[in-house]
Amino acid sequence: MAMTDSGTDFRTRMQNWLPKIVLAPSFAIMVIFVYGFIAFTIYLSFTGSRMLPTFDLVGWQNYERLFRVRQWDTAVVNLAIFASLYIVISTIIGLMLAIFLDQKIRGEGALRPIFLYPMALSFIVTGTAWKWMLDPAIGLEATFRMWGWESFTFDWIKDSDMAIYTIVIAAVWQSSGFVMAMFLAGLRGIDNEILKAAQMDGASNVQMYRRIILPQLRPAFLSAFVILSHLAIKSYDLVVAMTDGGPGTSTWMPAVFMYEYTFTRNQMGIGAASAVIMLMTVAAIMVPYLYAELREKK
Amino acid sequence: MRMMKITGAALVLMSSTAIVHADNVEVLHWWTSGGEAAALNVLKGDLEGQGVGWTDMPVAGGGGSDAMTVLRARVTAGDPPTAVQMLGFSIQDWAAEGALANLNGLAEEQGWADVVPAALQQFSTFEGNWVSAPVNVHSTNWVWANSAIMAELGLEQPGSWDEFVAAMEAAEAAGYTALAHGGQAWQDATIFDSMVMGVGGPDFYQAAMVDLDPEALGSEQMVEAFQRMETLRGFVDDNFSGRDWNLASAMVANGEALFQIMGDWAKGEFIAAGQTAGEEFQCFRVPGTEGTVTFNSDQFAMFNVTDDASMASQMAMASAVMSPEFQVAFNTVKGSVPARTDISDAEFDACGQLGMAQLADAAANGGLFGSMAHGHANNPSVQNAMYDVITAHFNGEFDAATAAEEMVTAVELAM
Amino acid sequence: MAVASNENAMRTSRVTRVLIYVTLLVFSLFYLLPLGIMLINSLKPLSEITGGGMIALPQQWTIEPWLSAWSSAQIGVEPTGLRPYFMNSIAMAVPAVIISTVIGALNGYVLTKWHFRGATIVFGLLLFSCFIPFQIVLIPMARILGILEIAGTTYGLILVHVVYGIGFSTLYFRNYYAAFPTELVRAAQIDGAGFFQIFWRIMLPSSGPIIAVCCIWQFTNIWNDFLFGASFASGGAAPMTVALNNLVNSSTGVREYNVHFAGAIMAAAPTLLVYIVAGRYFVRGLMAGSVKG
Amino acid sequence: MGFLDINNVTKSYGAVEVLHRVDIEVEEGEFLVLVGPSGCGKSTLLNMIAGLESITGGEISIKDRVMNGVHPSKRNIAMVFQSYALYPNMSVAQNITFGLEMHGTPKPERDQALKEVGALLQIDHLLDRKPGQLSGGQRQRVAMGRALVRNPDVFLFDEPLSNLDAKLRVDMRTEIKKLHQKLKTTIVYVTHDQIEAMTLSTRIAVMFNGYVQQLGTPKEIYDTPENVFVATFMGSPAMNVVPAKVEMVDGLPHARIARADGDDALLAFAQENMAEWAGKNILLGIRPEAITDPESADRASNSIAAMSNRVGVTEPAGADTFVTMILGGKDVIARMRADTTVAAGEMFDFAVNMEKAVAFDPQTEARIKP
């Protein structure tokens, strides 16, 4: 609704400027606090900063070191395992629960908040609770053994090779209810007449979901994917609270790596380099999505 | 004219708030649990008695790493706290940044140089200037043992590595957990310190852990230290990974486990369980490290403050920290020993008195070394690089020989 | 924004329905278990926990841990309990949620109803900001808070949360308002309503569901934040999460797990309450447009 | 100068011109309908009059005041939207008086105006309800009430009836017409429905592809369409347009058209200047009601041609029966009396009223004027 004519009266001109004025602070904030800081981090990654930022450029040295550090490989591999499992399992469970809840279930009003509430907890609380639950000495394993199932063993959290999967369990617990809410919203938004038509066409329930309903949930799938992948890449609190990166460094993730190197190990330059790699990964996922999303909406 | 007045009023207001601030010390620390926080409260009371207010800034977690992050944010913001609880090399790093105040006047007046062991002064001074006030010395090469189990199995305090292993084998055979341990990087490293000291002695410890000599790091002795770690690994229970140290202490106190290798803060757990040093539990040096003390020392590093009033209250705080009364009051609670060696041990229990005597002895004979595990042997990047190798090895990712090699590369990368 | 009726055209057999109910029950157990364990253990004396038996019911019920966590546990040098920090969190979260929601609503309004050249790019920039790892902003942010002289204060924390909350709140409102009939805005323009009058009189009164979604989301994120709270507002202005961490994570002291659990539940209580009370609006709000994004 | 003057107005989005040099003068009290298929530019033009879209070139003035760049609320116009655009959070009364409130009209006057409009539109009993509680027809009335209450110089209607069901649409159409006759205000009305255009308007602008194809009274548009588009767009069923060749028979121009069985029919033109097109191909437009059974042929016409052809399909529609046949290779519809006895597949003698026939240039599709 932009009006560019000359001779426009004051009020109209004002109304033309207002939207931009209103958006300007947000824009300025983003430029400084997000993109300025990103630029600063990129700059830092080329400096020899250790405890505090310094401004001596050292070229690609930090990146070279980063890729020689064993923990970085661990962190990247862990992120790959964690992100793919977390996203896939949360989506499957979320979708399943949403479909089940959509079958005119008695007590839906009580079940929904039960599924949803973990999202309300901070990762610190979630991590602590699961750490206790999965601890073989006092948690599930001990309980089952106490109840007489002597051979029951579930000690993944103590096992370097399996510990990352316990983090997947806790993360899925936290987010799958939220995914369920998104799918449920999507399901409830589908026009019932289409379903009736499909029934007349003789589609079975399974066919109906596979052929008619799921394709229509594409936006919910996309939203879930974006939210879950951003949680996965940012996952820090949960790891710290649950395993503190252990056993050993077997559950490190890039965000943990970055924090450790920047703030605990006084290697700010390498920390910044890892942050830049993380940002580039996020951008590689997000930019195509945003591009498609924003073009479509025009 | 009106402008002038308003500006004038604003100035008065600003300076008055500045004065209010000046009478306060803002203290960043991670002593938040019951006993130690209560001990700190002694210091607070002392200062308030002198008209110096206390602004508390506790940040717990990660052995102070979260607190260090906060500190960095505060310094970057141009608003550092007055005093910060700090460990070892962090003090040197901050001093190198020029962020710390000069306490020389007070130190000279009170003769700190004469009463604080030289090994501690390495950390409290930077380029010859006092920058922090040491609160305590924790020694980290202690073994904590359950007296009842020892009596049951007819064990004496072991005097050598072999006796130590034999004692653990006996405990294991009797169905006890031989060694209570928590699989966290810093706990693994705490044990490792003692193994290095025990295998190679003080000179080797100095070469490998402090001077970071690649030859020492990759030497046969280092391989042997790692082999001892493997031996110990055989004596811990299956469920050790990620366990907090205090739960490991509880295992010894409850009679589930025979030994724990841990710093002197573990004593607090036994006392909290209603036990007494020398009776229900006992303490001795890790076999092979007798005569040496690996330590870490909590200190209050004093940050640069600008105005006179703030400096005055900062000095008051430094003075209070170094006062014998506080050193006694704090350390009896904390389990550690005073940073001053001229204090009476009357108030301390058996382990405390032993610790004080051994500290004075080691300080006199050059047996006092900063603990690598607690950031008193080298800077944090090297320290954590070592952690990575030690923990990975302890969790079975490398054999001892590979671990020694990894140690060399990890340290090189971190420098 | 007509919502399709709840009626589902599908018919399911009896066996299937039983299976569905069983699955749902199993999952609700899975979701409830951790909270249940925290609750049980917060009502036990410490000796019962350290003596093993995390999952067993208390032999001796006690609310002592709760009282202690609330008003007498040692957080710093003084045994204040979590109470003062709870208030800090309220003082931080409420303004931050309100401000970021208002800004998000205005942004969404401008981006959908007053589209101008370059607006899409601005939105893209805003959206991408949701996805940066927050660790990277700590140091530069600290510097800026220092320059503004609000380092270490609740105001500083509010600013930080508003800044990094704008992305999501704008996303929510933009997607919601995209489905809001533009004709209403045109009608109001002809009626003589100005930019802000249209927003205030026409848009806002119809934004109930999305305001609920946005507030729930922001409140949860801000309340649960630890990183910013610890870095920018330790000491007197520390929020609940930082205090909880001080309570739970003290490194070399005796650990009172029952008090920790009580504290953890307390820290989670406001967000839990919000989800339980307003959860249905959340789903409804998501339905009303935000999942379309 | 007209009351509402659209003078050489163009509209471009970037490099794309979507509205080309529109020139319409609307007199006071006139009911102008902008009609055309979707995407023809009619709504854009309406929005430009309203001030909701900027004017790229030319001028729009109301009462001799140039409106370019004037804020919508300062133009003294009112608009009724397709979706009615009732504010969902306000009651009917608030909806109606919102504009007055925004213009600073004091409360007593607003109440008075509300009362009058409520009575006029018979919605007094709905004033406290919310739009969500109203039926489609009621919402339509409220939307009109909101426009009326402002007492504007020009009313703008943007497809106001398209969301109503067929029956209600006819009723509301009549109502709008009555209202116009009573209030004598100037109205610009956008629709894609040619029946609404014909019934309501005093003048129609038929638009297509951003051009005004023809501007005229309903009768002009119907009887003398300027081109094939206007001819086929207006009227239902649409005008039959078939290819034909002009031949001189007995010195008079005739149209030669292929019949269903392959041989040709010859129809004498009433339009004399068709002689100039002798030997050339044209497009001949004949409205369905101009092809009848001989008994119902227009008595007033001086030029009824007889044509026999094979009947394709018959569709009795109550008042009339529509008959489809092949003519000039195309389906052509004829409109017969209801009780005509005609059967599919048989030959039948049709009467063609050539006075109502129009000829088009096949190249330009423009009408060949008499």
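In this predicted model, strand β1 (residues 4–13) of chain D is paired with strand β4 (residues 57–62) of chain D, the sense being antiparallel and the number of bridges five. Within that pairing, D:Ile6 is the residue that faces D:Ile60 of β4(D). On from there, β4(D) is also joined to strand β5 (residues 65–66) of chain D, by two bridges and again in the antiparallel sense. Here D:Ser61 stands across from D:Val66 of β5(D). The connection between β4(D) and β5(D) is a hairpin with two residues between the strands. D:Lys63 sits in that turn and has a positive phi of about 50°.

**Backbone details in chain D**

Positive phi values also occur inside strands of chain D. D:Asn8, which is found in strand β1 of chain D, has a phi near 55°, a positive value in a residue other than glycine. With 11 other C-beta atoms within 10 Å, D:Asn8 is exposed, since a residue counts as exposed at 12 or fewer. D:Arg21 belongs to strand β2 (residues 16–26) of chain D, and its phi is near 40°, again positive in a residue other than glycine. D:Arg21 has 14 other C-beta atoms within 10 Å and is therefore partly exposed, as this count falls between the limits for exposed, 12 or fewer, and buried, 20 or more.

A further backbone feature is the peptide bond between D:Ser236 and D:Pro237, which is cis with an omega of about -5°. D:Pro237 is located in the loop that runs between α8 (228–233) and β11 (240–249) of chain D.

**Domains of chain D**

Chain D is divided into two parts, with domain 1 covering 4–233 and domain 2 covering 240–360. A distance of 39 Å separates the C-alpha centres of domain 1 of chain D and domain 2 of chain D. Their contact draws on six residues from domain 1 of chain D and five residues from domain 2 of chain D. On the side of domain 1 of chain D that touches domain 2 of chain D, three residues are nonpolar, three are polar and none is charged.

**Chains A and D as folded units**

Chain A contains 13 helices and zero strands, and from the N terminus on its elements run as an unbroken series of α. The radius of gyration of chain A is 25 Å, whereas the globule rule gives 19 Å for 298 residues; the value is well over the rule, so chain A is more spread out than a compact globule. Chain D, in turn, has eight helices and 20 strands.

The table sets out some whole-chain values for these two chains.

| Chain | Box of C-alpha atoms along the principal axes | Buried residues | Contacts at a separation of 6 or more that join residues 24 or more apart |
|---|---|---|---|
| Chain A | roughly 85 × 70 × 30 Å | 51% of 298 residues | 67% |
| Chain D | roughly 80 × 45 × 35 Å | 43% of 370 residues | 66% |

**Contacts between chains**

Five pairs of chains touch, and the most contacts among them are between chains A and C. That contact takes 74 residues from chain C and 85 residues from chain A. Several helices of chain C each supply at least two residues of the side that touches chain A, namely α1 (14–42), α4 (83–113), α5 (119–128), α6 (138–147), α7 (154–178), α10 (208–224), α12 (240–248) and α13 (257–287). The largest share of this side of chain C comes from α13(C), with 13 residues. By residue type, the side of chain C that touches chain A comprises 52 nonpolar, 20 polar and two charged residues.

Chains B and D, by contrast, are joined by no contact. The closest C-alpha atoms of chain B and chain D are 40 Å apart.

Key
Residues numbered from 1 in each chain as written. Chains lettered and ligands numbered in written order. Predicted model: local features only at pLDDT ≥ 70, side-chain atom pairs only at ≥ 80, totals over all residues. Pairing = 2+ DSSP bridges. Helix = DSSP H or I, 4+ residues; strand = E, 2+ residues; numbered from the N terminus. Contact = placed C-beta atoms within 7 Å. Nonpolar A, V, L, I, M, F, W, Y, C, P; charged D, E, K, R; others polar. Domains from an automatic or database assignment. Rg over C-alpha atoms; globule rule 2.2 N^0.38 Å.
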